[in-house]
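Dear colleague,

I am passing on a structure for you to look at, and below it you will find what I found there. Please keep it open beside this message while you read.

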Amino acid sequence: VLEGLALAMVPLPAGTFTMGSAGGAADEKPTTQVTLARFWLGQTEVTQAQYQILMGQNPARFRQPTRPVENVSWADALTFCQRLTERERQAGRLPAGYAYTLPTEAQWEYACRAGATTDYLGDLGAVAWYEANSGNQTHPVGQKRANAWNLYDLQGNVWEWCLDWYGPYAGGALLDPTGAPSGTLRVIRGGGWFHAASYCRASARRGNAPDAQSFNLGFRLALSPVR
C-alpha cells in the first residue's frame, strides 16, 4: 500500500495470454499472443482523494473522495504517475529499475482477464458499474466483486487511460508490447458507467484524443520496468 495514499498495488505474475477477440470488433483482431514480464497494478482506479494529494486539485464531476477521479486527460494521468515516481524514489521506496506509469494496453487486458479467455467474464453486474446498474453516475471504487487477481472495477465505473497509441494489432507473438509506434489517439479500456455491456468486455478498446477530459474517463496506476 502506497504510503499516504492508501492505494494498494497488486503484483501480477509474468505470463502469456491471447490478446484481442476473434469474435469481437475489427480493432480487436487479429488476436495476438502476448508474453509479459511481472508488473504491479493498482487494485482500484485512482480516487479523487488520491489525485488531490499529489495534484492539489479535484477535477471530477461526481465529487466524492472515494469515487474514481475523472475529467483527467492522458497527460494529467501521466503527470500524476511521474510525481508519484519522484516522491517514491526520493523516499527510497521504489524498486530499482521501476517507475509508476499507466499500464500498457497489453498489461491492462492481461490484468482484466486474470486467466480467463472468454469475451464476457462472468456476471457483469457483479463486477461492474455500467449503464444497467450505475444510476447514471460513478461509484466509490472497490464496491463490486474483485476479479481472480483481486483487482476491482477494471470493467465499468470509468474508462481507463492506457499508455499506448491506439492502432491496429500486429498479430503473431509479442514480448512486452507497447502498442502502435505513433498515432493521434491514446487507448482507453474497460467501459464506463453509462456504456453498454459490450464496451465492458475484456477485449473491447477505443481511442481517445490525449487532451480529452470526460466525466466517464479516469485511470489506474501501473508499476513497470523502466523502458
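The protein chain carries 19 positive and 18 negative charges, whose mean positions lie 2 Å apart; here Lys and Arg count as positive and Asp and Glu as negative, with His and the chain ends left uncounted, and each charge is placed at NZ of Lys, CZ of Arg, CG of Asp or CD of Glu. Please bear in mind that this is a predicted model, in which local features need pLDDT of at least 70 and side-chain atom pairs count only at pLDDT 80 or more, while totals for chains, interfaces and linings use all residues. Residues are numbered from 1 along each chain as its sequence is written, and side-chain values use heavy atoms, with hydrogens and water left out.

As for the fold, the protein chain has four helices and 11 strands, which are DSSP runs numbered from the N terminus (helices H or I, at least four residues; strands E, at least two). Its radius of gyration, taken over C-alpha atoms, is 16 Å, close to the 17 Å of the globule rule (2.2 Å times the number of residues to the power 0.38) for 227 residues, so the chain is as compact as a globular protein of that length.

Of the 227 residues, 53% are buried, meaning under 20% relative accessible area with a 1.4 Å probe, counting protein chains only. In helix α3 (residues 105-113), nine of the nine residues are buried, so this helix is largely enclosed by the rest of the structure; among them are W108, Y110 and C112. Just after α3, A114 takes a positive phi of about 50°.

Best wishes

Methods
Buried means under 20% relative accessible area, exposed over 50%, partly exposed in between (1.4 Å probe, protein chains only).
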